[in-house]
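The following note is addressed to a student who is meeting this structure for the first time. Please keep the sequence and the model in view while reading the numbered points.

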Amino acid sequence: MNGTETSPPTPPAIADDLQLGDLSTALAAGWGDFRGAPQFGLFFGAIFALAGLALGYVLLAWGEVSSLIPAAAGFPLLAPFTAVGLYEVSRRREAAIPMDWSGILGAVRGRGDDQILSMGVIIFVAFGFWVIIAHLVFSIFLVEAGPGSESLGFLLTPGGLTMLAVGSVIGGIIALAFYAMTVISLPMLVDREVDFLTAIFASLKAFRDNAIVLLAWAALIAVLLFVAMLPAFLGLFVVLPVLGHATWHLYRRAVR
C-alpha cells in the first residue's frame, strides 16, 4: 500500500421529484441557450437535417421505397448523439466557459475516455436493429399482400395500415427503451467523469423514479421532431438544438 489509492467515484444522486412544470422551465432555458449561441445550434441542426435528407435521397435512388418509412421513423434515434455538442454548449454557458469550435466539436470524445463514443456505437447499433426489425415486419406483410404492394399506395390499404400499426408498436417499444437509456446518460457523460454503464444505470433510475414526467418529455420530443421533419427536415434547424439544450437543463434538474 503506497497511500496513493483513490476511492471509487460516488454514484450520482438522482432526483425523484421531477414535475411537469420542469419541462416548460427546461424548454425556456433551452430556447435561451439557442438564442445565446445560435451558430452552434444551427450547425448541429443542419447536420441532422442534411443527414436525414441524404438518407431519404439514397433510399429513393436505390428504389428502396419500403425502407423509407422505417428509416424516417427510426431516424430520431440518432438525435441524442447529434446533441452531444449542444450539451457542451449549455454546460459552457452555465459555467461561463468561453465558447470555441474545437471544444464544442471535441465534446464527442467526452473527457478523453471514449465513453461517449461507446454510447455512439450503442446508438447506431440500435438504429440498425430497428431498421432490421422494420424490414422483417414489412417483408411479412408485403409477401402476404402479393405483387404491387411495394408502392406507397399499399400503406393506405387495410393491410398497409395494419403493417404500420404493428411496426409502430414495435418501434415504440424500442424507442422507449432507448430513450430511457440515453435521456440522462449522454448529458452526464459530457458533464462528469463516469463510465457509460454508470451513466446508463443512472438514466434508467431517473426514468423509473420520474416515469410520468419523462414519458411526457419523450412524447413532446417525438411530436416536435415529427413536425420538424415534415417540411423537408428544415424545422430541425431550430427544434433539434432547442430540444438538445432543454434536455441538458432537465438533466441538471434530475441529477444533483
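**Notes on the predicted model**

1. *A contact across the sequence.* Leaving out residues up to four places away in sequence, Ala216 touches Leu20 and Leu23. Ala216 has its place in helix H11, residues 211-229. The C-alpha atoms of Ala216 and Leu20 are 7.8 Å apart in space, although 196 residues separate the two in sequence. Is Ala216 buried or exposed, or does it fall in between? Ala216 counts as partly exposed, because its relative accessibility is 27% and that class lies between the cut-offs of 20% and 50%.

2. *Confidence.* The reader should bear in mind that this is a predicted model. The protein chain has a mean pLDDT of 83, and 82% of its residues reach 70 or more. Where is confidence lowest, and where is it highest? The lowest mean, 64, belongs to helix H3 (residues 65-74), whereas helix H1 (residues 21-36) has the highest, at 97.

3. *Overall architecture.* The protein chain contains 12 helices and 0 strands. Its pattern, read along the sequence, is therefore written with helix symbols alone: α-α-α-α-α-α-α-α-α-α-α-α. Of the contacts with a separation of 6 or more, 76% are between residues 24 or more positions apart. The pair Ala216 and Leu20, 196 residues apart in sequence, may serve as an illustration when the model is inspected.

4. *Burial and the nonpolar core.* Of the 256 residues in the protein chain, 45% are buried. In soluble globular proteins, nonpolar side chains tend to be buried together. The largest nonpolar core here has 66 residues, and those with the most contacts inside it are Tyr179, Ile184, Leu186, Met188, Trp217 and Leu236. Which helix supplies the largest share of this core? Helix H7 (residues 115-145) does, with 11 residues. To examine one core residue in detail, the student may select Leu236: apart from its neighbours within four places in sequence, Leu236 is in contact with Gly45, Phe48, Ala49, Leu225, Ala228, Met229 and Pro241.

5. *The surface.* The protein chain exposes about 12800 Å², and carbon and sulfur atoms supply 71% of this area. Phe43, Ile47, Trp101 and Leu105 make a nonpolar surface patch of about 350 Å². Helix H2 (38-61) and helix H6 (101-105) are the elements that each give two or more residues to the patch. Leu105 is located in helix H6 and is partly exposed, with a relative accessible area of 42%. This value is over the 30% required of a patch residue, so Leu105 meets that condition.

6. *A salt bridge between helices H5 and H1.* Side chains of opposite charge can pair when their charged atoms come close. The structure holds 11 salt bridges. In one of them, the side chains of Arg93 and Asp33 meet at 2.8 Å, N to O. Arg93 belongs to helix H5 and Asp33 to helix H1, so the pair links distant parts of the chain, 60 residues apart. Are the two partners buried or exposed? Asp33 is buried, with a relative accessible area of 5%, while Arg93 counts as partly exposed at 36%.

7. *Two salt bridges at Asp191.* Asp191 forms a salt bridge with Arg192, with 3.9 Å between the closest N and O atoms. Asp191 also forms a salt bridge with Arg252, for which the corresponding distance is 3.6 Å. Because Arg252 lies in helix H12 (residues 236-254) and Asp191 in helix H9 (residues 185-191), this pair ties together parts that are 61 residues apart in sequence. Asp191 counts as buried at 17% relative accessibility. Arg192 is partly exposed, with a relative accessible area of 24%, and Arg252 also counts as partly exposed, at 35%.

8. *A salt-bridge network.* Glu88, Arg91, Arg92 and Asp100 are joined into one network by salt bridges that share partners. Arg92 lies in helix H5, residues 84-95. Although arginine carries a charged side chain in these pairings, Arg92 counts as buried, because its relative accessibility is 10% and the cut-off for burial is 20%. Not counting residues up to four places away in sequence, Arg92 touches Ile97, Pro98, Met99, Asp100, Gly103 and Ile104. Asp100 therefore appears both among the contacts of Arg92 and in the network.

Technical notes: Residues numbered from 1 in each chain as written. Predicted model: local features only at pLDDT ≥ 70, side-chain atom pairs only at ≥ 80, totals over all residues. Heavy atoms only, no water. Core = buried A, V, L, I, M, F, W, Y, C linked by side-chain atoms within 4.5 Å. Buried < 20%, exposed > 50% of the residue type's maximum accessible area, 1.4 Å probe, protein only. Helix = DSSP H or I, 4+ residues; strand = E, 2+ residues; numbered from the N terminus. Contact = heavy atoms within 4.5 Å. Areas by Shrake-Rupley, 256 points an atom, 1.4 Å probe, with all protein chains shown as cover. Patch = residues over 30% accessible without salt bridge, like charges linked within 9 Å, V, L, I, M, F, W, Y side chains within 5 Å. Salt bridge = Lys/Arg side-chain N within 4 Å of Asp/Glu carboxyl O. pLDDT = per-residue confidence, 0-100.
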